[in-house]
Amino acid sequence: MNKEKIKRILNELDRMFPDAKCELEYGNELELLIAVMLSAQTTDASVNKLTKTLFKKYRTVDDYANASLEVLEADLRSIGLYRNKAKNVKAMAEKLIEDFQGVVPCDHEALQTLPGVGRKTANVVISEGFKVPALAVDTHVERISKRLGFALKNDSVLQVEKKLMKAIDKERWIKTHHQLIFFGRYHCKSMNPSCQDCRLIDICKESKRKKYLKKAEI
Ligand code: SF4
């Protein structure tokens, strides 16, 4: 993608979502890590509703490690995949104590040794929790990157991440990550994107673009 197009996209993201930020609520790095782990295939609003009480009950990493799996499952029951998430959160807490003295590491590789923590979660934790530049690619970021031409349709998540990192200046990674999520969550939705109001329609590769342009020609 040429520099002019990248500049236009970033300017539009700035215009539309100047204050884009992480919508998960947390008070420290451990809570952030747990909130991100819980957010898989669940909305941030559902996670926030749950963690409002969860974080009052479980205050330290030991609380999660020492909890019985049955109790933790019951406490996570309101969100999807709660059994798997409870298992991962407990195992993550145990490993955090065993290998990292109970402290969430500010290290991409180290984070990924924790059960249930993949590349995306590690990227969110280091960028959001520690303000270290990273570009986490979730479902919104992947979709928007492909529609706007940062990446190709068949690119893997890792390829999308690498292409975004190459196209965008490092000091903008954290901000752009949040803006792409907002763009995908509130404007360019998966099923019903707002193409009729989109200032990037001439850049977009999405098929709906063609539909709107075609309509305009009639
Ligand atoms: Fe998304 Fe439609 Fe804009 Fe393309 S034209 S970026 S699909 S809203």
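# Briefing: an all-helix pattern and its helix 3

Helix 3 covers residues 44–57, and because each of its 14 residues should add 1.5 Å, a span of 20 Å is expected, which agrees with the 20 Å that separates its end C-alpha atoms. The structure shown is a predicted model, and in it the protein has 12 helices and zero strands. The points below begin with the whole protein and then turn to helix 3 and to a few single residues.

**The whole protein**

- Read along the sequence, the pattern is α-α-α-α-α-α-α-α-α-α-α-α, and the C-alpha atoms fill a box of roughly 65 × 30 × 30 Å when this is taken along the principal axes.
- The protein has 218 residues, of which 47% count as buried, while its accessible surface comes to about 11900 Å², with 51% of that belonging to carbon and sulfur atoms.
- Among the contacts between residues at least 6 apart in sequence, 58% join residues that are at least 24 apart.
- There are 40 positive and 30 negative side chains in the protein, and the centres of these two sets lie 8 Å apart.

**Helix 3**

- Although the end-to-end span of helix 3 agrees with the expected value, the helix has a kink of about 35 degrees, which is centred on Thr-51.
- Thr-51 is also one of the buried residues of helix 3, and the others are Asp-44, Val-47, Asn-48, Leu-50, Leu-54 and Phe-55.
- An α-helix has 3.6 residues a turn, so residues three or four places apart point the same way.
- The cover over the buried residues of helix 3 includes helix 2 (29–38), helix 4 (61–66), helix 5 (69–76) and helix 11 (173–186).

**Glu-73 in helix 5**

- Glu-73 has its place in helix 5, and it counts as buried because its relative accessibility is 18%, where the cut-off for buried is under 20%.
- When neighbours within four places in sequence are left aside, Glu-73 is in contact with Tyr-82, Arg-83 and Ala-86.

**Two loop residues with positive phi**

- Most residues other than glycine have a negative phi.
- Leu-81, which lies in the loop between helix 5 and helix 6 (82–100), has a positive phi near 55 degrees without being a glycine, and with a relative accessible area of 45% it is partly exposed.
- Gln-101, which lies in the loop between helix 6 and helix 7 (108–111), is likewise not a glycine and has a positive phi of about 50 degrees, and at 70% relative accessibility it counts as exposed.

Terms used. Residues numbered from 1 in each chain as written. Predicted model: local features only at pLDDT ≥ 70, side-chain atom pairs only at ≥ 80, totals over all residues. Heavy atoms only, no water. Helix = DSSP H or I, 4+ residues; strand = E, 2+ residues; numbered from the N terminus. Buried < 20%, exposed > 50% of the residue type's maximum accessible area, 1.4 Å probe, protein only. Contact = heavy atoms within 4.5 Å. Areas by Shrake-Rupley, 256 points an atom, 1.4 Å probe, with all protein chains shown as cover. Lys, Arg positive; Asp, Glu negative; His and termini not counted. Charge placed at Lys NZ, Arg CZ, Asp CG, Glu CD. Expected span 1.5 Å × (residues − 1). Bend = angle between axes of the 7 residues up to and from the residue.
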